[in-house]
Amino acid sequence: MNHVSVLAWLLLLLALGSSVYLMVSTGMLIIQWILPTFGYLTLLDAQNFSSIDSLWHSPTQNQINNLDAVINGNGVDGFIFNNSYAPASNGYYGGYNYCNMPHVNKAEYVKPPKDYSLEYVELIHRHHKRTPYAANTFPHESYAWDCNDEGLFYYGKPLSPAGNDSASTYWSVYTSPSNPFTPQGFNGTCQFPQITRGGLDDSWQHGRDLYEIYHDLLGFLPDEPGDGVVYRVTNNVITSQVAGMVVNAMYNSTTDIPLLIQPASIDSLEPTYTCAAGTAIYNSYGVGSTKANWTAHLTASQPLFNTLDNISGVSPTDSGFHQSWDHYFDNLSSRLCHAKPLSCNITNPTLCINLSLATSVFRLGLYEYDYLYRSSPYSLRAATLSYGVYIAELAQNIRDSISGASPVKYRHNVAHDGSLARLLSILQVDKMVWPGLGSEVVFEIYKRQTGNAKAEKRFVRILWGGVVLRSSYPTLGNLDMLPLDTLLDYFDALVGVGARKVPGMCAAPIDFESGMGLGTSKGWDFCVDC
């Protein structure tokens, strides 16, 4: 397309009142015009990102995304699925333990050189061990699951102005003998889901480990939380159950501590905001799709479906259990993480799911997360649309902290596997896994002291599972003291400052034939209203 043609397109689109993004291959110039009908006319983000592109880069090929190894292999690449405690020796730190993923801790933490001063920390981690979701339980479970060793506290009380005090009340699950209906899945005294006692203990230890680093080791965190420390949760109550333990572990506090939460309809952390284009892209290649790249592993694993259905009593027509391996993965991993037996057939107790069958499910679940969030060329675009608002918030939090516009120096977000998966997708992590329980990504912002204020620069280190994250995206690479501007430029190129690109991209039509709006090399060269 020559310059005259481009100019003609721009004039035509402006006359129609459209927002226009023109991305020139050399330098990626991004232009947005907002017409006077909206009250102003501006030129935003006209920058020359000479080394920044917004394209997907493939992850490392490994046992997780090798379908032949997934279908015909044994074990799960040394990964742990049956307890919260990984071996403390043999270099295991940073390895995969689904029940309690590795996170930063004092014994293993690598301090930066002395001329690097820590200025801001934002971390996001998945909640800890829980019971399975009710939808992921089998039609008839062979044993009960009780949670009498904990209480889930739900109550409100007046704050400003203070008023009458409130009792510390908690839910106690019971089944009435006069109620003729059977609860879905497990009998017992648990909610499905809820953070279990083991999950609460893991949450407390997670908080303690963080405090020992950022307070005791680095002297970064204040003695009291105050305005400099912020905790945030999603609208799913299990994240609040975790946060209460984390806060107590860090500040030995039983006083009132606010947990930031966004409205359920627009929450960026979980995320729950509406993004039609993002949903359409995921649906086009992922769960529920009929594309061969997705259905290949389901077809190859059909004999495993048949065996598990026969034991569990799950109907072969239950789409929730058969459009992906998510339901079986959650059911079986939740049992093993809590040292509970794998399920047996209700009418034939000798017919049971064994560990070999379970590990086959785990390999398939890991394969699915790799494909959904990294190996598919569409994954970056889908994640950018569905998690772009949080990315923009993260970038602004960093900017506000280092500029002094905000007193907050530490932000702690408790989220979900889908939250972490999308973040890792956007960072284009080199080796993708299913983010296990307690999975953690930490953004550390440093200023390098040079003795010359004008020459001082800021850097970012990103820790994933307690070790430096490696990205397949060449400009990011090994994210150990990367110039901060490089990361912020990358985020801005994807979502815009203040996520200003996201609403338009979410509302844009997706053309799967041409690639328009998908974030592939076809779709990014000239993008209209997206």
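This section describes helix geometry, salt bridges, polar contacts and a surface patch in a predicted model.

Helix 11 covers residues 379-403. At 1.5 Å a residue, its 25 residues should span 36 Å. The C-alpha atoms at its ends are 33 Å apart, which agrees with that expectation. The helix is nevertheless kinked. The kink is about 65° and is centred on Tyr 387. Helix 11 is mostly covered, with 18 of its 25 residues buried. Just after the helix comes Gly 404, which takes a positive phi of about 90°.

Two further helices each supply a residue with a relative accessible area of 0%. His 297 is placed in helix 6, which runs over residues 292-300. Because its relative accessibility is 0%, under the 20% cut-off, His 297 counts as buried. Its side chain reaches the backbone oxygen of Trp 294 at 2.6 Å. Leu 487 belongs to helix 13, residues 484-495. Leu 487 is also buried, with a relative accessible area of 0%. Leu 487 and Thr 475 are 12 residues apart in sequence. Their C-alpha atoms are 8.9 Å apart in space.

Charged pairs were examined next. Side chains of opposite charge can pair when their charged atoms come close. The structure holds 15 salt bridges. One of them joins the side chains of Arg 448 and Asp 115, at 3.1 Å from N to O. Arg 448 lies in strand 7 (residues 440-448), and Asp 115 lies in the loop between helix 2 (67-72) and strand 2, so the pair ties together parts that are 333 residues apart in sequence. Both ends of this bridge are partly exposed. The relative accessible area is 36% for Arg 448 and 26% for Asp 115.

Another salt bridge is formed by the side chains of Asp 417 and Arg 126, at 3.4 Å from N to O. This pair also links distant parts of the chain, with Asp 417 in helix 12 (residues 417-427) and Arg 126 in strand 2, 291 residues apart. Both Asp 417 and Arg 126 are buried. The Arg 448 and Asp 115 pair, by contrast, has partly exposed partners.

Asp 256 and Lys 157 meet in a further salt bridge, with an N to O distance of 3.3 Å. Here the pair links two loops that are distant along the chain. Asp 256 sits between helix 4 (237-251) and helix 5 (276-285), and Lys 157 sits between strand 3 and strand 4, 99 residues apart. Asp 256 is partly exposed, because its relative accessible area of 48% falls between the cut-offs of 20% and 50%. Lys 157 is partly exposed as well, at 36%. Elsewhere, salt bridges that share partners form one network. Its members are Glu 119, Lys 447, Glu 456 and Arg 458.

The loop between strand 3 (152-153) and strand 4 (170-171) also holds Tyr 155. Tyr 155 is partly exposed, with a relative accessible area of 44%. Together with Phe 153 and Tyr 170, Tyr 155 makes a nonpolar surface patch of about 350 Å².

Two more loop residues make polar contacts through their side chains. Lys 129 lies in the loop between strand 2 (116-126) and strand 3. Is Lys 129 buried or exposed? At 8% relative accessibility, Lys 129 counts as buried. The side chain of Lys 129 is joined to that of Ser 84 by a polar contact of 3.0 Å.

Thr 347 lies in the loop between helix 9 (326-337) and helix 10 (355-375). Thr 347 is exposed, because its relative accessible area of 73% is over the 50% cut-off. A polar contact of 2.8 Å joins the side chain of Thr 347 to the side chain of Asn 345. Thr 347 and Ser 142 are 205 residues apart along the chain. The C-alpha atoms of Thr 347 and Ser 142 are separated by 9.7 Å.

Note on methods: Residues are numbered from 1 along each chain as its sequence is written. This is a predicted model: local features need pLDDT of at least 70, side-chain atom pairs count only at pLDDT 80 or more; totals for chains, interfaces and linings use all residues. Side-chain values use heavy atoms; hydrogens and water are left out. Patches are made of residues with over 30% relative accessible area and no salt bridge: like charges are joined within 9 Å, nonpolar side chains (Val, Leu, Ile, Met, Phe, Trp, Tyr) within 5 Å. Accessible areas come from the Shrake-Rupley method with a 1.4 Å probe; for residues, only the protein chains shown count as cover. A salt bridge is a side-chain nitrogen of Lys or Arg within 4 Å of a carboxyl oxygen of Asp or Glu. Helices (H or I, at least four residues) and strands (E, at least two) are DSSP runs, numbered from the N terminus. Buried means under 20% relative accessible area, exposed over 50%, partly exposed in between (1.4 Å probe, protein chains only). The expected span of a helix is 1.5 Å times one less than its number of residues. The bend at a residue is the angle between axes fitted to the seven residues ending there and the seven starting there. A polar contact is a pair of N or O atoms within 3.5 Å; within protein, one must be able to donate a hydrogen and the other to accept it, and residues adjacent in sequence count only if both atoms are side-chain atoms.
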